[in-house]
Amino acid sequence: MNDNLLEIKDLRTCYKVQDGEVWAVDGVSINLQAGENLGLVGESGCGKTTIIKSIMRLLPKKAFCEGEINFKGRNLLNLPAKEMRRIRWNNISIVSQSAMNALDPVYKVGDQIVEAIQIHRDVSKKEAWSRAEELFNLVGVDKSRLKDYPHQYSGGMRQRAIIAMALALNPEIVVADEPTTALDVVVQAQILKRIRNIQGELNSSMIMVTHDMSVVAETCQKVVVMYAGKVVESGPVSAIFNEPYHPYTMGLKNAFPSVKGEKFELISIPGYPPDLQSPPTGCRFADRCPFATQLCNEEEPEVTEVGDHHHAACHHLYKVEEMREKASIRETWSKVSKELA
Ligand code: SF4
């Protein structure tokens with residue numbers, strides 16, 4: 001029996017631009033089970049936010065999707081707009097990146113949460129206010145602050161208020177789009193801890209969109225690594241962190257401090273993702289990959305199972321040990337940098 005809460009099958013999302021089309025998401029398949037947290041990682045422009053907008057059906061007018069996004073067996077892409085509005089917030093809610101922009105500056109925060117609850121639920125203002133108090137308790141903000149305006153909050157408090165709002169209707173899935181990117185590391189750590197605790201209490205699922213591998217390590221059980229609109233590696237967090245198979249994942253891992261505090265040299269991946277208006281024929285990572293061969297430039301690698309629920313798309317998986325060793329050395333990436341210059 002299929003026990004996936006959300007099942008994305010071969011999703012392709014296209015933006016129509018002045019002189020053509022950009023397939024920002026190109027053949028992505030992702031599964032999410034109840035109670036599971038999934039991290040969607042990759043650099044800016046790799047397609048993470050487009051996947052989220054596709055799920056929520058919040059794409060701009062000049063964009064369209066192909067494939068399937070099945071939520072509890074129903075394809076969201078085929079639902080009438082009215083039905084989709086009901087699913088948003090009730091079943092799938094979103095914590096956006098910029099808390100300041102998500103809150104209306106002229107309304108008190110509590111009134112905004114109450115309004116969101118009353119739009120979707122037939123409850124009195126008193127009941128909705130009481131729910132808002134419960135939510136503030138859950139996210140660690142004193143309930144008296146519900147009577148304040150957004151500008152009276154710190155950045156961390158605003159983000160907590162947005163998380164409270166996203167949880168207001170007990171959604172089955174919370175989508176968090178870079179929820180801690182704009183915050184300093186101390187507040188980020190507090191918010192991540194709070195998110196983990198809330199997950200334990202509510203048993204909701206989460207899709208955490210981030211470019212930061214350490215955020216995923218702290219909050220998720222499963223990771224999907226995106227590059228240039230495609231999934232290049234996916235699997236359990238421990239497998240991806242301890243035994244990455246794709247050179248891009250190895251590079252991403254190098255670029256972030258260890259969450260366990262182990263000391264190692266931080267190395268960034270040189271270069272930029274390709275222009276998706278005319279993507280390369282072969283592996284999309286080839287011009288930045290220190291292990292690229294002619295085959296990589298000519299043929300797109302297939303997704304291969306490399307472990308338990310662990311998949312990667314690379315032509316040279318057979319020499320993964322050698323790639324891991326070399327990928328941890330700065331000189332390996334410096335050579336790429338010189339070639340790109
Ligand atoms: Fe690098 Fe080739 Fe693997 Fe792509 S297929 S990641 S270019 S080794």
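These legends go with a few views of a predicted model.

**View 1. The whole chain, with its 13 helices and 12 strands.** Along its principal axes, the C-alpha trace spans about 65 × 45 × 45 Å. A compact globule of 341 residues would have a radius of gyration near 20 Å, and the chain, at 21 Å, agrees with that. Half-hidden is a fair way to put the rest: 50% of the 341 residues count as buried. Looking at contacts with a separation of 6 or more, 64% are between residues 24 or more positions apart.

**View 2. Tyr227 and Tyr248, a tilted pair of rings.** The structure holds four aromatic pairs, and here is one of them. The ring centres of Tyr227 and Tyr248 sit 4.6 Å apart with their planes at 55°, so the pair counts as tilted. Tyr227 belongs to strand E9 (residues 222–227) and Tyr248 to helix H10 (residues 247–254), so to speak two distant parts of the chain, 21 residues apart. Both tyrosines, Tyr227 and Tyr248, are buried.

**View 3. Tyr227 again, now with Phe285.** This pair is edge-to-face, with 5.1 Å from centre to centre and 80° between the planes. Phe285 lies in the loop between H10 and helix H11 (294–298) while Tyr227 is in strand E9, so the pair ties together parts that are 58 residues apart in sequence. How buried are these two? Tyr227 has a relative accessible area of 2%, and Phe285 has 1%, so each falls under the 20% cut-off for buried.

**View 4. Three rings in one cluster.** Put the two pairs together and Tyr227, Tyr248 and Phe285 are linked into a cluster by ring pairs.

Key:
Residues numbered from 1 in each chain as written. Predicted model: local features only at pLDDT ≥ 70, side-chain atom pairs only at ≥ 80, totals over all residues. Heavy atoms only, no water. Helix = DSSP H or I, 4+ residues; strand = E, 2+ residues; numbered from the N terminus. Rg over C-alpha atoms; globule rule 2.2 N^0.38 Å. Buried < 20%, exposed > 50% of the residue type's maximum accessible area, 1.4 Å probe, protein only. Contact = heavy atoms within 4.5 Å. Phe/Tyr/Trp six-rings, centres within 6.5 Å; stacked < 30°, edge-to-face > 60°.
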